[in-house]
Each structure stands twice: as C-alpha cells, then as structure tokens.
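Visitor: I'd love a friendly tour of this structure. Could you show it to me first?

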Amino acid sequence: MNKAFDDIPSARHDLARRIEELAPWFHNIEIAGIQTAPGHMLGDHPRDKWNQFQHILPRDLEGRSVLDIGCNAGFFSLEMKRRGAGRIVAIDSDPRYIAQAELVFDAFNLDADLRRLSVYDLASLGERFDLVLFMGVFYHLRHPLLALDLIHEHVADDLMLFQTLQRGDPTQLAIPMDMAFSLTDPFDNPAFPRFNFIENRYAEDPTNWFIPNRSGSEAALRSSGFAIEAHADPDVYLCRMIERPQWVEPPPPIAV
Ligand SMILES: C[S@@+](CC[C@H](N)C(=O)[O-])C[C@H]1O[C@@H](n2cnc3c(N)ncnc32)[C@H](O)[C@@H]1O
C-alpha cells in the first residue's frame, strides 16, 4: 500500500524531512520504515488502542461510506479503507493535522476527501454516512452535546464509533426516568452521570473541557439518539443511530 519511497533515496529523504517539519504527531504511523511518533507517551498510539477495540466494528465495510471527525493524521481512515470502506470524508479543525493526513493519505494512495472543517459545521457537508467515527474529540469541545446533536441531525445514517476520555467512577448506573425534586442523594453517588468540567488545563492541554465518567458518556449518547450496541477498552462505543428518545414533546397549542 506504501508508495515506493525505498527505491528512490531522495524521495525517502524528502519524506523524512517533511515528517519532521510537520511534528509533533499524535498518530504514530509507519511510512516506508519511518515512524511519525516513535516516542509517543501512550506507546504505539493509536495502534495499541485500535487492537483493543477493533473487534467491535464490522470486519467488512465493503462500499460503506465513512466520515472521520477529528481525523488527526488519518490512522483510523486508513484502517477503514483496509476494511473495504468506499467513500471516506476526513475532517479536522487543525490545519497542521490536515497537513499530516494529506501526507499520510498520499503515501498510502488513500483516496479520501480531506477537509479542514469543525464538527460544528457538519451541516455544510450535506450528506449522511454509513459509519461516523467520532473518536477522541468529545472532551475537546466546549459544546459536546451540541456536537452529538449535529452528528445526529446532519451526518449519521447508521453506525457511530465513539471514544471519549473518561475519569471518575467507572460503575454503570441505572438512571431513573424521573426523580422527585426533594431527592438529592443520587447526586452524591460518584457514579451519577457526570461531566467533569476543566476550567484550566488537564494533562497540560487547554483544549480539554468536559471529561465524563462512564455513566455520563453513556447517558449523553443515549439522550442524543445513539443506542449503544457494543463497548470495549473501556471508553470506546459502537452505537446505532435511533430516534432521539426521551425529549419531552411540547404540549399541543391551546385552541382559542
Ligand atoms: C485526541 S485527537 C483524536 C484524533 C483521532 N480521532 C483519534 O481518535 O486518534 C483530537 C482531534 O480532534 C480535533 N478536533 C478538536 N476540536 C475539533 C473540532 N471542533 N472539529 C473537528 N476536529 C476537532 C483535533 O484537531 C485533533 O486532531
């Protein structure tokens, strides 16, 4: 799948220089024997992570369309192509990551539609996808539920692969449909659905905003119209798009 960099020493030299120019890389991808992020703090990332959850995705994506939101350097778009995906649209809001993905897609001859676009502007794509990847972006957003709503309203057609950093109690809690106003104990339960708000930085990163616990992640998915079909690793979810469930209908207008 790699282009033939090895045959032409100057091409390999140019490749190494370009990889360095575009550093730092969050995705470690090996191109013609050169690793883009060999010293990654998470190890061989995201390959090690992918190996932990790849079994929850259909093996055969023959001809299915994929939208990769927050594609970064394109690791997951490449893996979807390896599973036979058809049309791939990959978006990211950061121009440096778009440049990295451009290099990677070119090196692997991946024919993907790569665009600098924010998740908040998804409506401008004007199409829906069989599989949406929404991996590692949720907790980087100041408006995470808006993003899920926009995915549901404008681009999802069937499956969504979702990952979020999680912190706090990992217990899965059964949430009641309603609670009396006077009932305050459930809020003292650390497993109650929670989005931990980061006012300043987490892990030296000022783009971390809301880090949910497990119940919080799962409640957010359900309430945005994504039924959880499979779960792995422990913060990756394969979801199927359904009608938004429990939004309260406004009362009918009063006849005058
Ligand atoms: C932690 S990385 C995850 C990358 C990749 N999806 C993965 O799971 O390995 C977060 C990515 O989301 C992108 N991102 C952050 N805010 C975004 C936004 N509003 N719209 C689109 N992409 C965004 C970042 O530029 C970055 O590439």
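Visitor: Which residue in the hairpin of β10 and β11 takes a positive phi?
Guide: This is a predicted model, where local features need pLDDT of at least 70, side-chain atom pairs count only at pLDDT 80 or more, and totals for chains, interfaces and linings use all residues. Residues are numbered from 1 along each chain as its sequence is written, and side-chain values use heavy atoms, leaving out hydrogens and water. The hairpin has 3 residues between its strands (strands are DSSP runs of E, at least two residues, numbered from the N terminus). The residue with a positive phi, near 85°, is D233.

Visitor: How many bridges pair β10 with β11?
Guide: Two strands pair if DSSP finds at least two bridges between them. Strand β10 covers residues 226-232 and runs antiparallel to β11, with F226 standing opposite M241. The number of bridges between β10 and β11 is 6.

Visitor: Which residue in β11 is the bridge partner of L159?
Guide: Strand β7 (residues 156-163) is antiparallel to β11 (residues 236-241), and 5 bridges join them. For L159, the partner in β11 is R240.

Visitor: Which residue has a polar backbone atom 2.7 Å from a nitrogen atom of the ligand?
Guide: A polar contact is a pair of N or O atoms within 3.5 Å. On its side chain, D92 has an N or O atom 2.6 Å from a ligand oxygen. A polar backbone atom of S93 is 3.5 Å from a ligand nitrogen. The backbone atom at 2.7 Å from a ligand nitrogen belongs to M135.

Technical notes: A polar contact is a pair of N or O atoms within 3.5 Å; within protein, one must be able to donate a hydrogen and the other to accept it, and residues adjacent in sequence count only if both atoms are side-chain atoms. Helices (H or I, at least four residues) and strands (E, at least two) are DSSP runs, numbered from the N terminus.
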